[in-house]
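Dear colleague,

Please find below the structure that I am handing over to you. My findings follow directly after it, and I would be grateful if you read them with the structure in view.

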Amino acid sequence: MERDIFASPVEPLFNHDNALEKDILQDWLINLAKKNARNINESHPQQGLFKQINAVETIMYAAEKLRIAQEAKYLAIELFDRFLYNHVHDLHDHVLKLPMKRQIKEWHKIQDSVSNQVLLRVVSCCQIASKLTSHYKVVSINRAKRFLRDCGYRYASESLLQSELRVLKTLKFQVTEPTPIVYIETMLEILGCNNSKAEVKTYYYVATKLLDLLYLKYHAFYKILFEVTSSSRTQSTEQKKKFQKVKADQLLLAAAVIGAAAFMVQQDKADEMIEEMSRITRISQNDIIDFTSVLIQLVEEE
């Protein structure tokens, strides 16, 4: 069957024959690094709170059934986490403005309502993510309704539109932040330009599997990483605040995922690839190795 020239590729092309491409990639990485630095500075202690395993599994299941692109899946997870944090925060502020006698009862009602709407919000995040990452795999209202119906929920088209709008408004329409997979793809593209012998396509395939695992084990992963990197057994407030910036560092995450992928594909080349990631990102090799080691540990425990 002839390939649709207007369709997005199923994986990055990793073409690195054009010399001009290096300059473009470098500019793109600099832009990503600036966004990453801003996100690190704006990070907060509750970031990632709703990346619970059940939520991530549900989003990944919905992403598969709704047939959205790989990047859209990760974006949907990020959107859901940010939305639910802001949504619950807004609702909590609303309850605090009520008379004291009504607060507990109203909060319980809100908790039930939020819980009952989780799958609807998941679908809304998938819809938004699909629109931001693909022009031909957008999740239509009818497809979203069919998925929800198959899961035992019946919603009118208007309800789906209102839910999507609620997510967008809660996030103040700030929904275009790059996900870890964008950093991974960019860095692999640069790696391919710098080292033609690097198995970038294989690294990419393994990296996506590792990223899935990291999202599923998000809280367990960062708990172990904190214990590995903290300077003492006691977890001071200052250490936790500093570590929050580590959790928000997607450039570090991407470098470590690629390092772990290289280790699993070509163990004898792992040190070389981590060194290359350090040169590309200007992140210390020790930081990448700490991150990579914990990720490999998670894989071995599976």
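The model is a predicted one. I begin with its pockets, then turn to one helix, to the protein as a whole, and to two individual residues.

The largest pocket has a volume of about 810 Å³. Its lining is made up of 35 residues, and those nearest the centre of this pocket are N39, H44, Q47, R82 and E177. Several helices take part: helix 1 (19-41), helix 3 (70-96), helix 9 (200-216), helix 10 (218-229) and helix 12 (250-265) each contribute at least two residues to the lining. Helix 3 gives the most, with nine residues. Sorted by class, the lining of the largest pocket comprises 13 nonpolar, eleven polar and eleven charged residues.

The second largest pocket holds about 500 Å³ of space. It is lined by 22 residues, and K242, V246, D249, L252 and D287 lie nearest its centre. Two or more residues of this lining come from each of helix 1, helix 10, helix 11 (237-247), helix 12 and helix 14 (285-301). Here helix 11 gives the most, with four residues. The lining of the second largest pocket consists of ten nonpolar, seven polar and five charged residues.

Helix 9, which supplies at least two residues to the lining of the largest pocket, may be described further. It has 17 residues and reaches 24 Å from its first C-alpha to its last, close to the 24 Å expected at 1.5 Å a residue. Is helix 9 mostly covered or mostly uncovered? It is mostly covered, with twelve of its 17 residues buried. Among these buried residues are the tyrosines Y203, Y204 and Y215, together with T208 and D212.

Regarding the protein as a whole, there are 14 helices and zero strands. The C-alpha trace spans about 65 × 60 × 35 Å along its principal axes. What radius of gyration does the protein have, and what would a compact globule of 302 residues have? The protein has 21 Å, which agrees with the value near 19 Å for such a globule. Of the 302 residues, 46% count as buried. Among contacts with a separation of 6 or more, 78% are accounted for by residues 24 or more positions apart.

Two residues illustrate such burial. The first to be described is L79, which is placed in helix 3. L79 counts as buried because its relative accessible area is 1%, and the cut-off for a buried residue is under 20%. Not counting residues up to four places away in sequence, L79 touches C125, I128, A129, L171 and V175. Its C-alpha atom is separated by 9.8 Å from that of R121, which lies 42 residues away along the chain.

The other residue is T179, found in the loop between helix 7 (157-170) and helix 8 (180-194). T179 is likewise buried, since its relative accessible area is 1%. Which residues does T179 touch, not counting those up to four places away in sequence? They are E71, Y74, L75, E78 and Q250.

I hope that this account serves as a useful introduction.

With kind regards

Conventions:
Residues are numbered from 1 along each chain as its sequence is written. This is a predicted model: local features need pLDDT of at least 70, side-chain atom pairs count only at pLDDT 80 or more; totals for chains, interfaces and linings use all residues. Side-chain values use heavy atoms; hydrogens and water are left out. On a 1 Å grid over the protein atoms alone, a cavity is a set of points where a 1.4 Å probe fits but cannot get out, and a pocket is an open set with protein on both sides within 12 Å along at least five of seven lines; lining residues have an atom within 4 Å of a point. Grid points are joined across faces, edges and corners, and a volume is the space filled by probe spheres set on the points. Ala, Val, Leu, Ile, Met, Phe, Trp, Tyr, Cys and Pro count as nonpolar, Asp, Glu, Lys and Arg as charged, and the others, Gly among them, as polar. The expected span of a helix is 1.5 Å times one less than its number of residues. Buried means under 20% relative accessible area, exposed over 50%, partly exposed in between (1.4 Å probe, protein chains only). The radius of gyration is taken over C-alpha atoms; the globule rule is 2.2 Å times the number of residues to the power 0.38. Contact means heavy atoms within 4.5 Å.
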